[in-house]
Each structure stands twice: as structure tokens, then as C-alpha cells.
Amino acid sequence: MPELPEVEALREFLDAHLTGRVVERVLPLAVSVLKTYDPPPSALEGQTAGPTTRHGKFLDLRIGELHLVTHLARAGWLHWRETLPAQPPRPGKGPLALRVALEGGGGFDLTEAGTQKRLAVYIVRDPREVPGIARLGPDPLAGSFDREAFTALLAGERRQIKGVLRDQSVIAGIGNAYSDEILHRAKVSPFKLASSFDAQQAARLHRAVLDTLGEAVARAHGVAAGALKAEKKGALRVHGRAGEPCPVCGDTVRSVSFADSSLQYCPTCQTGGKALADRRLSRLLK
């Protein structure tokens with residue numbers, strides 16, 4: 001799933017390549033992709049694209065006086081095309097969900113792999129009309145996201161820290177992969193209760209959030225949109241690396257189920273050498 005660093009890189013890419021271009025056609029091709037109907041896609045045609053912004057994992061493309069907002073979900077992606085195929089795309093065929101063609105040639109496609117179609121596109125007058133944006137918590141790249149603000153977010157949270165980091169209403173932009181990376185860097189168990197952090201532990205986790213995301217954003221800077229997925233995968237230290245040695249201590253990276261996915265962690269670095277039991281089968285080992 002694209003998370004804050006990849007979406008920020010796409011925002012930067014679109015700012016450089018889309019701003020000032022005139023939209024010729026907007027073609028929704030998947031039945032499920034368009035979540036709004038007023039204004040219609042045709043309202044974007046003939047309009048000039050302005051700056052692209054980001055709200056958590058949402059991309060917000062300003063086109064004329066409207067906003068084309070998209071959430072790429074788990075398996076979505078944006079493909080920039082210097083030249084679009086001459087043959088019009090056929091709805092319902094393959095992963096193509098929406099195409100934006102630009103005057104003078106080129107444009108971009110939104111695609112989604114797999115059978116679970118969750119990629120979403122909204123055409124709105126104000127991005128706050130998008131429900132997912134309206135409920136977002138603070139952005140960890142914002143200057144106001146300091147140690148005190150972060151510690152306040154943890155206070156009173158009776159949930160495990162892995163779930164808190166992924167909750168978009170608490171912190172915007174962190175998903176499954178980077179929450180694993182943050183917790184590994186901070187040497188914290190993913191099942192530790194958020195409310196149990198003392199001031200020193202909260203400060204260390206806050207620094208891990210800033211460093212992990214900041215480094216990922218820096219690595220993605222200037223990377224072509226089509227290469228961002230490979231760049232992200234190659235830089236991950238524990239996420240998606242179950243069975244491989246931890247790059248810090250050499251212990252074997254483990255995996256357990258969590259919510260609707262799985263998490264990866266290092267027992268030596270994060271849980272005092274103890275393995276976590278799969279929550280589908282038993283409780284966390286004490």
C-alpha cells in the first residue's frame with residue numbers, strides 16, 4: 001500500500017509534470033472507482049491543473065476550481081504516460097480504473113491490481129468533503145507534530161501501539177509497512193499499550209516516526225513514479241522480510257497476524273527475545 005512517503009513523492013512528481021496542463025478527458029473505467037457524481041468528471045475537462053497537495057495518503061489534484069482527490073488503497077497506483085494509447089480503453093478490462101488525458105498528449109492512469117477494488121476517486125469543490133480527509137489526524141511531517149503533541153496522542157490510548165500508529169484519525173499517513181519500520185527503529189513491541197509509554201519511551205518513538213518517514217521521503221525525492229514501489233521495498237528493514245536476518249542484530253525477523261494483515265518484527269530488538277504468538281491462535285506470550 002502506498003503510504004505517506006510514496007504519496008508525497010507522487011505529489012512532488014505531479015506538481016512538476018501536471019501543473020499548468022489542460023485536462024482534455026477524464027475517463028472512469030471501473031464501476032467502483034468514482035465515489036462522487038456531482039460535479040461530474042466532464043466538469044474537469046478544459047480546466048487547467050494547479051498544484052497537487054497531500055492529505056495523509058490522499059492525493060489532491062487541483063483542476064480549475066475543483067479537486068480530483070484519490071486514495072490508492074492497498075493495490076492502486078498512478079502511472080504517468082508521456083503518450084497515451086491511440087485506442088480508447090475498454091471499461092472493465094484489466095486493472096485500469098481511471099484515465100486522465102491532457103491536451104497536447106500524455107496524461108496518467110490510475111490502476112488497481114487484484115480483485116478487492118478499493119481505489120477511490122472523488123471530484124469535489126472542497127477536499128474536506130471527502131470523508132476520509134475530514135477525519136484525518138495530524139500530519140507527522142507538519143512542524144506542529146512535536147514531541148509534546150505526540151505524547152498527548154498516546155495518553156489514554158488503551159490500544160496496542162501498532163494499531164494506534166496505523167489509525168488515520170490519530171496520525172495521518174502511516175500504514176502497515178512504515179509502522180513496522182518505526183517500531184523496529186524505536187525497539188518497541190507492536191503489542192505494547194500506547195498508554196503505557198513513559199516520557200522517555202514516547203520521545204524515542206516520536207524520533208523514530210520522524211526519522212523513518214523523513215528518510216523515506218528523502219530517498220523517494222526525484223525518483224520516477226514508476227520506480228517508487230521498488231525503492232520502498234528495497235529500503236525496508238523488517239516489513240515483508242519474515243525469515244530473513246534482522247539488519248541490526250542478526251536475529252530472524254518474525255511475522256504474526258494483525259487486524260486485516262500481518263506485521264513483522266525482530267524479537268531481539270523489540271520483545272526481549274520472546275516470540276509473539278499469532279493473535280488468531282493465542283494470546284501474546286508473556
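**Sheet, helix and cysteine environment in a predicted model**

Strands β2 (residues 49-55) and β3 are paired in the antiparallel sense through 5 bridges. The model described here is a predicted one. Within this pairing, Thr-52 lies opposite Leu-61 of β3, and Arg-54 stands opposite Leu-59 of β3. The hairpin that β2 and β3 make has 2 residues between the strands, and Gly-56 in this hairpin adopts a positive phi near 60 degrees.

On the following side, β3 is joined to strand β4 (residues 66-71) by 6 bridges, and these two strands run antiparallel. Phe-58 is placed opposite His-71 of β4. Here too a hairpin is formed, with 2 residues between β3 and β4, and Gly-64 in the turn has a positive phi of about 60 degrees. Strand β3 (residues 58-63) is largely enclosed by the rest of the structure, because 5 of its 6 residues are buried.

These strands belong to an open sheet of 4 strands, in which the order is β2-β3-β4-β8 and the pairing is antiparallel. Its edges are formed by β2 and β8 (120-124), each of which pairs on one side only. From one strand to the next, the twist averages 20 degrees. Helix α1 packs on the sheet and touches β2 and β3, its direction making about 170 degrees with that of β2.

The edge strand β8 contains Val-121. This residue is buried, and its relative accessible area is 0%. Setting aside neighbours within four places in sequence, the contacts of Val-121 include Leu-68, Val-69 and Thr-70, and β4 spans residues 66-71. Val-33, Leu-34, Lys-35 and Thr-36 are also in contact with Val-121, as are Leu-98 and Leu-110. Between Val-121 and Leu-59 the separation is 62 residues in sequence, while their C-alpha atoms are 9.6 Å apart in space.

Outside the sheet, helix α5 (residues 176-186) is mostly covered, with 10 of its 11 residues buried. The buried positions are Asn-176, Ala-177, Tyr-178, Ser-179, Asp-180, Glu-181, Ile-182, Leu-183, His-184 and Ala-186. Helices α1 (4-17), α4 (161-166), α6 (199-220), α7 (228-235) and α8 (267-270), together with strand β10 (261-265), are the elements against which the buried residues of α5 pack. Helix α1 is thus named among the packing partners of α5 and also packs on the sheet. Just after α5, Lys-187 takes a positive phi of about 60 degrees.

The cysteines were examined next. The structure contains 0 disulfides. A disulfide is a covalent bond between the sulfur atoms of two cysteines. For Cys-246, the closest cysteine sulfur is that of Cys-266, at 3.8 Å, which is too far for a bond. The sulfur of Cys-269 likewise has its closest cysteine sulfur in Cys-266, at 3.7 Å, again too far for a bond. For comparison, the cut-off for a disulfide is a sulfur pair within 2.5 Å. Cys-246 is buried, with a relative accessible area of 4%, and Cys-269 is buried as well, with a value of 11%.

At the level of the whole chain, the secondary structure amounts to 8 helices and 10 strands. The radius of gyration is 20 Å, close to the 19 Å given by the globule rule for 286 residues, so the chain is as compact as a globular protein of that length. The C-alpha trace spans about 60 × 35 × 35 Å along its principal axes. Of the 286 residues, 49% count as buried. Among contacts with a separation of 6 or more, 65% are accounted for by residues 24 or more positions apart. The chain exposes about 13,200 Å², of which carbon and sulfur atoms supply 52%.

Methods. Residues are numbered from 1 along each chain as its sequence is written. This is a predicted model: local features need pLDDT of at least 70, side-chain atom pairs count only at pLDDT 80 or more; totals for chains, interfaces and linings use all residues. Side-chain values use heavy atoms; hydrogens and water are left out. Buried means under 20% relative accessible area, exposed over 50%, partly exposed in between (1.4 Å probe, protein chains only). Contact means heavy atoms within 4.5 Å. Two strands pair if DSSP finds at least two bridges between them. The radius of gyration is taken over C-alpha atoms; the globule rule is 2.2 Å times the number of residues to the power 0.38. Accessible areas come from the Shrake-Rupley method with a 1.4 Å probe; for residues, only the protein chains shown count as cover. Axes are lines fitted to C-alpha atoms, for helices over the stretch in contact, and angles run from 0 to 180 degrees between N-to-C directions.
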